[in-house]
Every structure is written in structure tokens, then in C-alpha cells.
Amino acid sequence: MSDNRPPSSALGKTRVASNPALKASRANKRTVGEASLLAIVGPKMGQQTKLSDETSLELGRDPKCDFPVDDDLVSRRHAKIDWDGASHRVTDLGSTNGTFVNDQRIDVRALVDGDRVSIGKAILKYLSSDNIEAEFHREVFHLMAHDGLTGIHNKRHFDDAMATETSKAYEPPQPLSVIVFDIDHFKKINDTHGHAAGDAVLRKLTQVVSTVVPPECLFARVGGEEFSIICPGHDLTKVGELAENVRANIEATNFEFGDIVIPVTASVGGATRPPRSTQGASDLYKAADEQLYLGKKGGRNRVCVSASV
């Protein structure tokens, strides 16, 4: 039987031959206009909305919108996202409370990969990488343990870490401390400057505090404006120094939103469990929270720490 196949060398050449123009054309066809929005804060957290060069997506409180947001801070027809021939752009539709991209109020803005679009209390992350699906799954996995607004650990991860740390049998035995703090008069910041300003303050605060938290500690957002730090190996003196460092750095920071400077302070509480203590996670956290309350009762913008049981 005759074999009409080309020689193996020809087969090899066929496998590696390429047409650069064709490859570029396919790449462009695959990527032009393809992107997605991932809800990272708000009631739709984790939801993905795909975009294309034919997409015109209207966002607003009206249920008829393409992306309805049930939030009193969102206008009925708040903003839209469409393709302008070169990029996706977001346009504010004359909303009452504004549309923000990366904390900047906008009228019209072209979007780039990683941009955060905020309307009301909802935050959407724009994804336009070469592999959108992989990036989407990475972001969703990240949200399981991290706070969508600030990027630090969330309460779920904090609770798991507290349970782990309080049940560890360290050898040699060592103390375990917890710091709890929140922003003084945070509601006034939201009421005076709006929720977008409040969100910007929360993000800036976490950046400031992250620079002073030692690598062995875990920093998390555990409530609206409440944060906590787990401090393995920190005794009462050491945790008091860290707590004061957190407070002082927050007070010394200029929190800016647009052309507004917002004064921000925090009250900080801390508690230390001595070596060999069997005190549980909830009791240790409660002890630190009680110290936070004392700090607020004493005038705010102060540190209170104590030894726990």
C-alpha cells in the first residue's frame, strides 16, 4: 500500500508554521471589547456581568435597568457602560450622588483593567485581562477571605484565624493578644461627605495601618468601620505599643476626598491572654472590645489595653 503522507520533516514544519497576521487577527477578534464587571461590594457581590463591544449596560435603582441596584443612594437611571470603539467607558447619567471610578467622581471615564466603579454602596471591578475567566475566578476566590472594599482579611477569615490561634499549643508557651479599633464618629463622615467619601476613608485607613502591622499579625475588617488585629506572641507591653502606633498613624494621616480633607481618629482597645491560658476566641475578643468601649467613653482617640484572664 502506497503512503501518500508528506515526509515527517514536512509534518514537523506544518505543525510549527504560523501566520503572524492571522494570529493577530484571531487575538483581536478574541479580545476586542471583551471584558466583565465583578461585583465586589454590595448585594450582588460575586456576580459577574460580561461586556462586549456591543454592550450598553445601564445601571440604576429602576428594576428595568440592565444592572439594577437596590440602594436608596442610587438614582433610578444612575450610569451606563458602553463601548466607544476603543475602550469601555462609564458615563454618569446625572445621578444625585455621583458615579466614582477609583474614588474620583466622574462624568465620563474610559475604563482600564482593575478599575473600581462605585455607585451608591455597590462597587464593581472592571476586568479586561487576556484571560477574563481565570481572572474572575481568582477574584472570587480572593473575596472568600478578603474584604471587597479594603482588600484586607474579612470577618470570616478573622474568625477562623482566631479559633486556630486560641487552640494552638505553642512550645514554648507564648501570649496571644488582640487589638480592636474603630473610626471615631464615622457616621458623621458619611452623613457630611457621602458614602463614597466614607469608603475612601476606609480604604486609606487600611493602607496606613497595614504599614505598621507586623508580618506575624493578621489584620482584618470585622464590621462597618471596625477592625481587628490578631497578635501572636505579643505581651501586654508589645500590644500596647502597636495599638498606640495604629492610633497615632491614623491621626497623623491626611484623609483626602477630592479637594476635601477629612480629619480621622480612632479609638483602640487591646487585650492579652497570658501563656498557658485556655481562654477562648470569643472571650479574648470581648475583653479587647471592652477596652475599646472604655477608650470611647474616656473621650475617643485613645488606647486602652489590659491583661485578660
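Contact here means heavy atoms within 4.5 Å. With that cut-off in hand, the tour of this predicted model can start at one residue in a helix.

**Stop 1: E165**

Select E165, which lies in helix 4. Its relative accessible area is 13%, so E165 is buried. Show its surroundings next: apart from neighbours within four places in sequence, E165 is in contact with Y170, L176, I230, P232 and R273. Then add G280 to the selection. E165 and G280 are separated by 115 residues in sequence, while their C-alpha atoms are 9.5 Å apart.

**Stop 2: helix 4 against helix 8**

Keep helix 4 on screen and add helix 8, residues 281–297. Their axes come within 9 Å and cross at roughly 110 degrees. That angle makes helix 4 roughly perpendicular to helix 8. To see the contact itself, select F158, M162, A163 and T166 on helix 4, together with A281, L284 and Y285 on helix 8.

**Stop 3: the whole chain**

Zoom out to the full chain. Its secondary structure comes to 8 helices and 18 strands. Of the 309 residues in the chain, 45% are buried. Counting contacts between residues at least 6 apart in sequence, 56% join residues at least 24 apart.

**Stop 4: the nonpolar cores**

Which residues have the most contacts inside the largest nonpolar core? Select I179, F181, V209, I229 and I250; the core they belong to has 40 residues. Helix 6, residues 195–210, gives the most to this core, with 7 residues.

Centre the view on I229. Leaving out neighbours within four places in sequence, I229 is in contact with S177, V178, I179, F181, V209, V213, C217, L218, F219 and V246.

A second, separate core has 20 residues. To find it, select L37, L51, I81 and L124, which are among its members.

**Stop 5: helix 6 against helix 7**

Return to helix 6 and add helix 7, residues 236–252. The two axes come within 9 Å, crossing at roughly 135 degrees. Helix 6 is therefore oblique to helix 7. The crossing of this pair is right-handed. Where do the two helices meet? On helix 6, select L205, V208 and V209; on helix 7, select V246, N249 and I250. Two of these residues belong to the stop before: V209 and I250 are listed among those with the most contacts inside the largest core.

**Stop 6: salt bridges**

Side chains of opposite charge can pair when their charged atoms come close. The structure holds 15 salt bridges, and three are worth selecting here.

Begin with R77 and E58, whose closest N and O atoms are 2.9 Å apart. This pair links distant parts of the chain: R77 is in the loop between strand 4 (67–68) and strand 5 (79–83), and E58 is in strand 3 (residues 56–60), 19 residues apart. R77 has 47% relative accessibility, so it counts as partly exposed.

Move to D147 and R221, whose side chains form a salt bridge with an N to O distance of 3.2 Å. D147 lies in the loop between helix 3 (132–145) and helix 4 (155–167), and R221 lies in strand 13 (residues 218–221), so the pair ties together parts that are 74 residues apart in sequence. Are these two partners buried or exposed? Both D147 and R221 are buried.

Now select D82 and R89, which meet in a salt bridge at 2.8 Å, N to O. D82 counts as buried because its relative accessibility is 9%. R89, at 30%, counts as partly exposed. Add K80 to this selection: salt bridges that share partners join K80, D82 and R89 into one network.

**Stop 7: two positive phi angles**

Finish with the backbone at two loop positions. N102 is in the loop between strand 7 (99–101) and strand 8 (104–106). N102 is not a glycine, yet its phi is positive, at about 55 degrees. With 36% relative accessibility, N102 counts as partly exposed.

R300 is in the loop between helix 8 (281–297) and strand 18 (303–307). Its phi is also positive, at about 70 degrees, although R300 is not a glycine. The relative accessible area of R300 is 31%, so R300 is partly exposed.

Key: Residues are numbered from 1 along each chain as its sequence is written. This is a predicted model: local features need pLDDT of at least 70, side-chain atom pairs count only at pLDDT 80 or more; totals for chains, interfaces and linings use all residues. Side-chain values use heavy atoms; hydrogens and water are left out. A salt bridge is a side-chain nitrogen of Lys or Arg within 4 Å of a carboxyl oxygen of Asp or Glu. Helices (H or I, at least four residues) and strands (E, at least two) are DSSP runs, numbered from the N terminus. Buried means under 20% relative accessible area, exposed over 50%, partly exposed in between (1.4 Å probe, protein chains only). A nonpolar core is a set of buried Ala, Val, Leu, Ile, Met, Phe, Trp, Tyr and Cys residues joined through side-chain atoms within 4.5 Å. Axes are lines fitted to C-alpha atoms, for helices over the stretch in contact, and angles run from 0 to 180 degrees between N-to-C directions. Angles under 35 degrees count as roughly parallel, over 145 as roughly antiparallel, 65 to 115 as roughly perpendicular and the rest as oblique. A crossing is left-handed if the near helix is turned anticlockwise from the far one by less than a right angle, and right-handed if clockwise.
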